[in-house]
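Colleague: I am new to reading protein models, and I would like to go through this one with you step by step. Could you start with any term that I will need along the way?

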Amino acid sequence: RTQDTLATMQRLERHRGHFYNWYETRTLKPLLPLYISSVDSGNLAGHLLTLGSGLREQADEKIFTPQIFAGLRDTVKVLRDLAPENSALAKLDAELEQAPASLRAAYALLESATGQATKLAAALASGEAELKVWSQTLKRNCEEHLAELLFLAPWLALPTAVRSSRREEALTSKSEIRNLKSEISQSLLTSAATKLEETLAQLDHAPTLREASQLDQLLSPLIGAGASLTELSRCLREASEHARQRLLALEALAKQSDALAAGMDFTFLFNPARDLFSIGCNVTERRCDISFYDLLASEARLCSYVAIALGQVPQDHWFSMGRLLVASRGEPILVSWSGSMFEYLMPLLVMPNYENTLLDHTCKAAVQQQIKYGKLRGVPWGISESGYNRTDVQLNYQYRAFGVPGLGLKRGLAEDLVIAPYA
């Protein structure tokens with residue numbers, strides 16, 4: 001998905017490295033007016049840099065994490081809500097609840113779950129549309145997880161692998177070690193057998209991707225020492241090759257992410273006289289907006305952070321953003337423009353936060369204010385930028401900022417009550 005997304009982004013027309021705000025999704029042509037938003041470009045650059053780092057971190061992550069079973073259970077729970085009497089779903093839910101710790105047990109559970117999901121999808125194929133869609137989703141997810149595990153750990157599919165029942169899962173790699181040891185020629189040194197034992201134990205604890213790329217080096221003393229060992233060696237070579245392919249793909253994607261972020265020129269959006277970023281630039285009319293992002297409690301602070309980090313604007317700019325305070329319950333809070341959750345919290349998705357600072361205190365206090373306001377108005381809390389119940393001539397819902405009175409400078413915040421689910 002990341003490859004496909006970045007490949008599509010590479011095809012989009014840009015201006016000085018910036019993506020335009022609006023494109024026709026069917027043709028990928030930019031829509032008029034050709035507009036670049038400082039805050040949106042800053043957010044994109046910050047998240048692309050984070051994505052690049054995250055892709056590189058995958059090299060030292062284990063090739064299997066038990067969290068995948070929690071994800072599958074979420075899908076099962078959706079199905080159980082739709083079909084509460086289905087005993088097969090209850091059985092699968094119970095099995096997935098005990099997430100296995102070892103690679104072998106994970107493979108056995110995934111294989112079992114895939115078989116059960118396939119049967120469920122077939123049984124529910126003629127049922128309600130929503131049941132059919134979710135059962136197909138569960139089947140597809142199980143199959144993808146199983147394929148991914150076998151791609152990086154193909155030795156799990158060897159005949160000695162633990163299969164079918166949960167009782168058989170109790171068999172550990174020790175029995176496999178005994179079987180394999182019996183095939184080792186008497187002429188092989190004891191150290192080779194010991195090496196095998198260590199290798200199998202290591203494999204069952206799930207190697208990292210980087211470790212998997214070097215698995216073909218583990219069994220070199222045992223090549224040709226029996227059918228099972230030869231098969232195991234083949235699987236380890238295959239795993240290493242696949243892991244190396246994955247590492248190369250991850251690094252290539254990380255470089256693309258970095259390049260897309262670093263390629264954005266923020267200097268033309270920055271006004272040196274004001275030491276602030278313009279709201280944006282209308283490229284069609286070749287002019288920047290005369291309004292500026294001038295508050296620290298704003299979603300635009302991520303743009304400022306990234307542009308400073310890229311060396312495109314001076315570090316002093318950070319201290320040019322306004323720190324206007326309002327009193328809440330006798331405590332000072334940085335004021336924002338519209339009092340939205342987005343302004344206070346969105347940059348924290350990827351920016352560092354430091355306890356006992358003005359920003360940290362402000363974000364926590366803003367959340368408390370949102371909760372208090374929700375209770376006051378008798379609604380779920382979480383007010384932010386959002387689509388709302390007004391449409392244009394093409395029946396597209398409109399979008400604008402909503403917020404909590406007392407947190408924002410904008411007038412009339414109490415006149416609308418729109419709750420944003422993401423907030």
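Modeller: Let us begin with burial: a residue is called buried when its relative accessible area is under 20%, exposed when that area is over 50%, and partly exposed in between. Please also keep in mind that this is a predicted model.

Colleague: With that scale in hand, is Arg244 buried, exposed or partly exposed?

Modeller: The relative accessible area of Arg244 is 31%. Buried requires a value under 20% and exposed a value over 50%, so Arg244 falls in the class between them, which is partly exposed.

Colleague: Which residue does the side chain of Arg244 meet in a salt bridge?

Modeller: The partner lies three residues away in helix α11, so the two are separated by about one helical turn. It is itself partly exposed, with a relative accessible area of 39%. The distance from N to O in this salt bridge is 3.8 Å, and the partner of Arg244 is Glu241.

Colleague: How far apart are the closest N and O atoms in the salt bridge of Glu143 with Lys139?

Modeller: Glu143 and Lys139 both lie in helix α6, which covers residues 129-152, and they are four residues apart, about one turn of the helix. Glu143 counts as partly exposed, at 34% relative accessibility. In the salt bridge between Glu143 and Lys139, the closest N and O atoms are apart by 2.9 Å.

Colleague: Asp93 forms a salt bridge with Arg80; how many residues apart in sequence are the parts that this pair ties together?

Modeller: The closest N and O atoms of Asp93 and Arg80 are 2.8 Å apart. Asp93 is buried, with a relative accessible area of 7%, whereas Arg80 counts as partly exposed, at 30%. Because Asp93 lies in helix α4 (residues 87-97) and Arg80 in helix α3 (residues 67-82), the pair ties together parts whose separation in sequence is 13 residues.

Colleague: How many salt bridges does a search of the whole structure find?

Modeller: Some salt bridges are linked in a network, which is made up of Arg56, Glu251 and Asp258. For the whole structure, the search gives a total of 18 salt bridges.

Colleague: Let us turn to the interior; which helix contributes the largest share of the largest nonpolar core?

Modeller: In soluble globular proteins, nonpolar side chains tend to be buried together. The largest nonpolar core here has 93 residues, and those with the most contacts inside it include Phe69, Leu96 and Phe277. Phe69, leaving aside its neighbours within four places in sequence, is in contact with several residues, among them Phe64, Leu96 and Leu110. The largest share of this core is 10 residues, and they come from residues 227-262, that is, from helix α11.

Colleague: Phe277 was among those core residues; which residue stands opposite Phe277 in β8?

Modeller: Strand β5, residues 276-278, pairs with β8 in the antiparallel sense over two bridges. Phe277 also belongs to one aromatic cluster, together with Phe266 and Phe270. In β8, the residue opposite Phe277 is Tyr293.

Colleague: Which strands stand at the edges of the open sheet that contains β5?

Modeller: The sheet has three strands in the order β4-β5-β8, with antiparallel pairing. An edge strand has a single partner strand, so one side of it is left without a neighbour in the sheet, and this holds for β4 (270-271) and β8 (292-293).

Colleague: In the open sheet with the order β3-β6-β7, which residue in β7 stands opposite Cys281?

Modeller: Strand β6 (residues 280-282) and β7 pair in the antiparallel sense over two bridges. The residue of β7 that stands opposite Cys281 is Cys288.

Colleague: Finally, are the rings of Tyr388 and Phe402 stacked or edge-to-face?

Modeller: Tyr388 is buried at 16% relative accessible area, and Phe402 counts as buried at 4%. Tyr388 lies in strand β11 and Phe402 in the segment after β12, so the pair ties together parts that are 14 residues apart in sequence. The ring centres are 5.3 Å apart and the planes stand at 80 degrees, so the pair is edge-to-face.

Note on methods. Residues are numbered from 1 along each chain as its sequence is written. This is a predicted model: local features need pLDDT of at least 70, side-chain atom pairs count only at pLDDT 80 or more; totals for chains, interfaces and linings use all residues. Side-chain values use heavy atoms; hydrogens and water are left out. A nonpolar core is a set of buried Ala, Val, Leu, Ile, Met, Phe, Trp, Tyr and Cys residues joined through side-chain atoms within 4.5 Å. Buried means under 20% relative accessible area, exposed over 50%, partly exposed in between (1.4 Å probe, protein chains only). Contact means heavy atoms within 4.5 Å. Two strands pair if DSSP finds at least two bridges between them. A salt bridge is a side-chain nitrogen of Lys or Arg within 4 Å of a carboxyl oxygen of Asp or Glu. Rings of Phe, Tyr and Trp (its six-membered ring) pair if their centres lie within 6.5 Å; planes under 30 degrees apart count as stacked, over 60 as edge-to-face and the rest as tilted.
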